[in-house]
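Dear colleague,

I am passing on the structure we spoke about, together with some notes on what came out of it. Please look it over before you read on.

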Amino acid sequence: MGKNKKSSVPGEEHLHLPVHAALASSETRPPIVDTHTHLVSTFSAYRGKYKQGKYETIYDFVRGLYRDRNVEAIVDVWCEAPVQRSWRELADSALSEEGRRDKWCGVQYWFVMGVHPHEASQYTDEVEKDILEAMAHPRCVGWGETGLDYHYDNSPRDIQQTVFIRQLQQAVRLGKPLTIHTREAEEDTERILKEHVPKEHKIHIHCYTDSPEWAARMLDHFPNLFIGITGVITYSTNLNTSSVVRQMSRPGSQPPAPLRILLETDAPFMVPANLYGALTDVKGRLPLCHTGMIPWTAEFVAAVANEGGESAQAWSVERVVLEARDNARRMYGV
Ligand SMILES: [Zn+2]
Ligand SMILES: [Zn+2]
């Protein structure tokens, strides 16, 4: 008993965040789009931490936490092998106007599907057949996440590469935007993408943590490539992501250079560290991340993009959210 009361886990009411101060005062609350979130894992992290929690279904969770927070759309990610069967129920529930209103409180549910590099060894013809079926669903907006992960090496590297290429070829054939996961694999990811994906193809390098030099090369080669920014940008252990934003924003330039970024959570991981400043009586750390936290990531991006600029604060939280919202439309059509 009393599982919810462990001193290290704040009560679940703290998951319901206040409206970000910078947006509360703005006349038009900018629409939030989370371009990379794992909704099923987020909900199970929630149920795991709050056994008697008040949200009993994924829809309850979304309505409870995202309603009144101006969440306009989420891009949910299915990247397991074998493919989880529950994708269809969620995707179908968002097909009708009525479903979106009653189940999703107006939040637009979209998804991408692919096989994560961690699970590359599990990629089979059967899995590919299931993914191809999902690609035909009207709520499917891309292929991914797929890529290379040499940090964990959960699947052998040669298999990761073969499976990555195979997925790229399918996505390119179908004209599906790509969600890429890459970690400590810069050279191979670059070589493979340049070899197998046409320059104009839409690419989202999600949860970016690699070097600014690599980002510059990729942005230069692929005109429709975007850098995905999660709460990890707020962590002191990661300087690369801020450097990439600084490099793009060219502080002081008039008009300000566009930011080719997408905002994402990669929930349930990576709660933005600056969020705690806005939460008054919370003790301990929140056990999971969710889409309502995006404004704090935007706040951090705005601060970095303004660094070194003369006097004018070219980037506000609102402006970052709006820019990323436009980019999400260009990337995924959402
Ligand atoms: Zn990833
Ligand atoms: Zn992910």
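Is His 181 buried or exposed? In this model, which is predicted rather than determined by experiment, His 181 has 26 other C-beta atoms within 10 Å, and because 20 or more are enough for a residue to count as buried, His 181 is buried.

I began with that residue on account of its annotation: UniProt, in an unreviewed entry, lists His 181 and His 206 under "binding site". Although these positions are spread over 26 residues of sequence, they cluster in space, with a largest C-alpha distance of 5.8 Å.

The settings of the two histidines are as follows. His 181 is found in strand E5, which covers residues 178-183, whereas His 206 lies in the loop that runs between strand E6 (203-205) and helix H9 (212-221). His 206 is buried, again with 26 other C-beta atoms within 10 Å. Leaving aside residues up to four places away in sequence, His 181 touches His 116, Pro 117, Glu 145, Thr 146, Gly 147, Asp 149 and His 206. With the same exclusion, the contacts of His 206 include His 36, Glu 145, His 181, Gly 228, Glu 264 and Asp 266. Glu 145 therefore appears in both sets, touching His 181 as well as His 206.

Turning to the chain as a whole, there are twelve helices and eight strands. The radius of gyration is 19 Å, close to the 20 Å that the globule rule gives for 334 residues, so the chain is as compact as a globular protein of that length. Its C-alpha atoms fill a box of roughly 55 × 50 × 40 Å along the principal axes, and buried residues make up 43% of the 334 residues. Of the contacts with a separation of 6 or more, 78% are between residues 24 or more positions apart.

Finally, a word on helix H12, which takes in residues 317-332. At 1.5 Å a residue, its 16 residues should span 22 Å, and this agrees with the model because the end C-alpha atoms are 22 Å apart. Several of its residues are buried, among them Val 317, Val 320, Val 321, Ala 324, Asn 327, Ala 328 and Met 331. As a reminder when you view them, an α-helix has 3.6 residues a turn, so residues three or four places apart point the same way. Just after H12, Gly 333 takes a positive phi of about 70 degrees.

With best wishes

Definitions and conventions:
Residues numbered from 1 in each chain as written. Chains lettered and ligands numbered in written order. Predicted model: local features only at pLDDT ≥ 70, side-chain atom pairs only at ≥ 80, totals over all residues. UniProt positions renumbered as here; feature names shortened; annotations may be inferred. Helix = DSSP H or I, 4+ residues; strand = E, 2+ residues; numbered from the N terminus. Buried ≥ 20, exposed ≤ 12 C-beta atoms within 10 Å, placed from the backbone. Contact = placed C-beta atoms within 7 Å. Rg over C-alpha atoms; globule rule 2.2 N^0.38 Å. Expected span 1.5 Å × (residues − 1).
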